[in-house]
Structures are given as C-alpha cells and as structure tokens.
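Me: I have a model open and would like to understand the words people use to describe it. Could you walk me through a few of them?

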Amino acid sequence: MINVGIIGCGKIAQVRHIPEYAENPNCKIVGLFDLNTDRAKELAETYGAKAYDSIEALLADENIHAVSICTSNATHASITIDALNAGKDVLCEKPMAITLEECEAMVEAAKKNRKKLMIGQNQRLAKAHEVAKEIVSSGKLGKVLTFRTAFGHGGPETWSVDPGKNTWFFDKKKAAMGAMADLGIHKTDLIQYLLGSKVVSVQAVLTTLDKKGADDKLISVDDNAICIYTMDNGSIGTMSASWTYYGQEDNSTILYGTNGILRLYDNPEHTVQWIHTDGTLENIEADAIQTNDNQTKSGIIDLFISCLIEDKEPEISGESVLSAMRAVFASIQSSESGQKVNIEKNRG
C-alpha cells in the first residue's frame, strides 16, 4: 500500500489527484496541505486523512511514501526537490517548472535520491493519442511531413478553485507563463510523443490579446501562443495554445503523412479519423478527450502508483519531459527576440 500526501488542494487536486487516488486500491491518501487551511481540513475529514500545518511537516512524516504536487507553477521545483530529498517519490503537475535550470535540478534530485519523478502530462494517455502513436510507430501512416496541434478554451478563470479574474493563473509571479505553460506544454509534449521525435527549432509568438485581470488591464502572462516547430526527423508543424477560444474547446491534432491524414479529437462524432490517400475515410473510436467541463479519469494517478508498486521508471518521467520544456522556453526566447531559436540539446 502506497501512502500518499497531496500538496496543494486546488481544482486539479480536487478533480483529478484526490478522487483518482481514492479510487485506486493500491494507495491511500494520508496527508494533505494547502495554504487555505480550512480547505485542507475539510478535504482531510472527507477522505480520512490528516491536514498538515506546513509542507515541511508533511514531508517529514516517514509514513508518507509519495506526494502529488498541485501548487502554482513557480513553486513546483522547490517543493519537488525538497520532497525528493525527503525520500518521497513525486508526481508533479505541469508545467514541470518555470526555468530550464529548475527542471534539470528536479531531474538531478530524483537521480541523486534514487526516487521516481513523474510529470502530469496526461495527454500521452488519452486513448486516441495511444491509437495514433501505434499507427505512426507501425509506419502505416508513412512519413509524417507536417502537423497541426492545438489546445484552447475560454481561460482558467472559470476553472480555478477560486474562480474569477484574481486567479493565480493570471499572476506572473505565481504562474510565470500563461497559456503556453497551461496548455502549450501539453501539446508540445504530445507531438514529440506521437512522432517519436524532438523539437529542434522553434519560431513563436506569445502574446496577450484579450484577457484582463481584476484591474481591467491586460494580464501579465500570455493568453495565446502560436509556434512553428521543426522536429529532428524533419517534420514541421504548428502548435497553438489559447485562453481565448470563447466557445467550444479545441484539443485537436492532425498529422499529415505520406500515407494519409490522421485527425485526432478533431470531430466530436469520431475521436480518430484516418483519411487514406485514395480518399476513403476510416473512423476509429476511442474515449472522448477530457474537457474542463467534462473531467474523466486521466490515467496519470494509476500509472504513477503502478510504477511505484512495480518499482519501474515512469514512462512520463521528469527526464522524458525535459525536451518539451526546452521547446517551451525556446518559444518564449523566440517570441522575445523575434528570431528562430535552435535547441541543440534536443538533437541526436
């Protein structure tokens, strides 16, 4: 039995981590911490856990084997490293951290302490994406020449546990990045996973077009990110992340191969559509994608717990996410400089 502590009891903890741990027979939630002590105490009472007065106290409890880190972006690295140094295995929410140096330090801390570090890049586990990965890997789609992947919705102000324009997502000190960190990292990690290839150069625009904070001024983080990615296998395509899709959420990916076109979560009626070169359409049904309004089991928690029980390295390890985080930071650099940025560490 894996005893779990959860640090940060906001929306992502409440809709994903806490209920998914509670449903898993191989683990038990034993500790919770949140800056809002009343929130932590209420959840602790519901799930038969203990609410801790500090992160330090939770990490010092030897009865806790692993922790989920569900706090604001700027705190991910420091809490993760402290947890690893305290001998805990760690599942950290995305984005991994707010600088590349922090990301690398997290990976090194996991290696030094011989503990597992997994990042919540749950898009890899979506059923249509698993189907697409198999098709691409088999070579049946041929060479993927170009792609288009997007993730957009109306913004986090309705999603946050404390909804409204004061959400921490809009605070640069806490979030560091906006739509790129919230949504763009998902699709950057995903396209690398689907193609089995890393982003080696990027030209990007990160901007704030519409979102306003409580002061009625444009927020200090990006609400849109549009990137052109070149992969190490020669494929090229676009990645768009947006908080200004005021209508239906878009979480689609389209792969254009020499043997046809694969459309993923692009049609509400069919989760995978394979358009063959002769024009015939093959529909492959898989689970619907999660949306903010329709949260389903992510698979992340079950995968994390199974890795701990079986003592195997997580498929979505911190080290495996480093290349996607390099692309995120290169996108920011490209947007600021107006130049294409090469990512030499992702080559080879």
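Reply: Gladly! A residue is called buried when its relative accessible area is under 20%, exposed when that is over 50%, and partly exposed in between. Please keep in mind that this is a predicted model.

Me: Then why is Q192 called buried?

Reply: Its relative accessible area is 8%. Buried means under 20%, so Q192 counts as buried. You will find Q192 in helix α8.

Me: What makes the pair Q192 and S323 a polar contact?

Reply: The two side chains come to 2.8 Å. A polar contact needs a pair of N or O atoms within 3.5 Å, one able to donate a hydrogen and the other to accept it. The contact between Q192 and S323 is counted as one of these. Leaving aside neighbours within four places in sequence, Q192 is also in contact with residues including K198, M231 and N346.

Me: Why is α8 called oblique to α10?

Reply: Helix α8 (residues 179-195) and helix α10 (residues 318-337) pack at about 130°, with axes 9 Å apart. Oblique covers the angles left over once those under 35 degrees, over 145 and from 65 to 115 are taken out, and that makes α8 oblique to α10. Their crossing is right-handed. On the α8 side the contact is made by M180, I185, T188, D189 and Q192, while α10 brings V321, S323, A324, M325, A327, V328 and S331. By class, this contact has seven nonpolar, four polar and one charged residues.

Me: And what makes α5 roughly antiparallel to α10?

Reply: The axes of α5 (residues 100-113) and α10 cross at roughly 175° and come within 10 Å. Angles over 145 degrees count as roughly antiparallel, so α5 is given that label relative to α10. Here L100, C103, E104, V107 and K111 of α5 meet G318, E319, L322, M325, R326 and F329 of α10. Those residues divide into six nonpolar, one polar and four charged.

Me: How do you know whether K165 is buried, exposed or partly exposed?

Reply: Its relative accessibility is 45%. Since the middle class lies between 20% and 50%, K165 counts as partly exposed. K165 sits in the loop between β7 (144-152) and α7 (172-175).

Me: How far is K165 from K212, in sequence and in space?

Reply: They are 47 residues apart in sequence and 7.2 Å apart in space, C-alpha to C-alpha. K212 is also one of the contacts of K165, along with F170, G213, A214 and D216.

Notes. Residues numbered from 1 in each chain as written. Predicted model: local features only at pLDDT ≥ 70, side-chain atom pairs only at ≥ 80, totals over all residues. Heavy atoms only, no water. Axes fitted to C-alpha atoms, helices over the stretch in contact; angles between N-to-C directions. Helix = DSSP H or I, 4+ residues; strand = E, 2+ residues; numbered from the N terminus. Left-handed = near helix turned anticlockwise from the far one by under 90°. Contact = heavy atoms within 4.5 Å. Nonpolar A, V, L, I, M, F, W, Y, C, P; charged D, E, K, R; others polar. Buried < 20%, exposed > 50% of the residue type's maximum accessible area, 1.4 Å probe, protein only.
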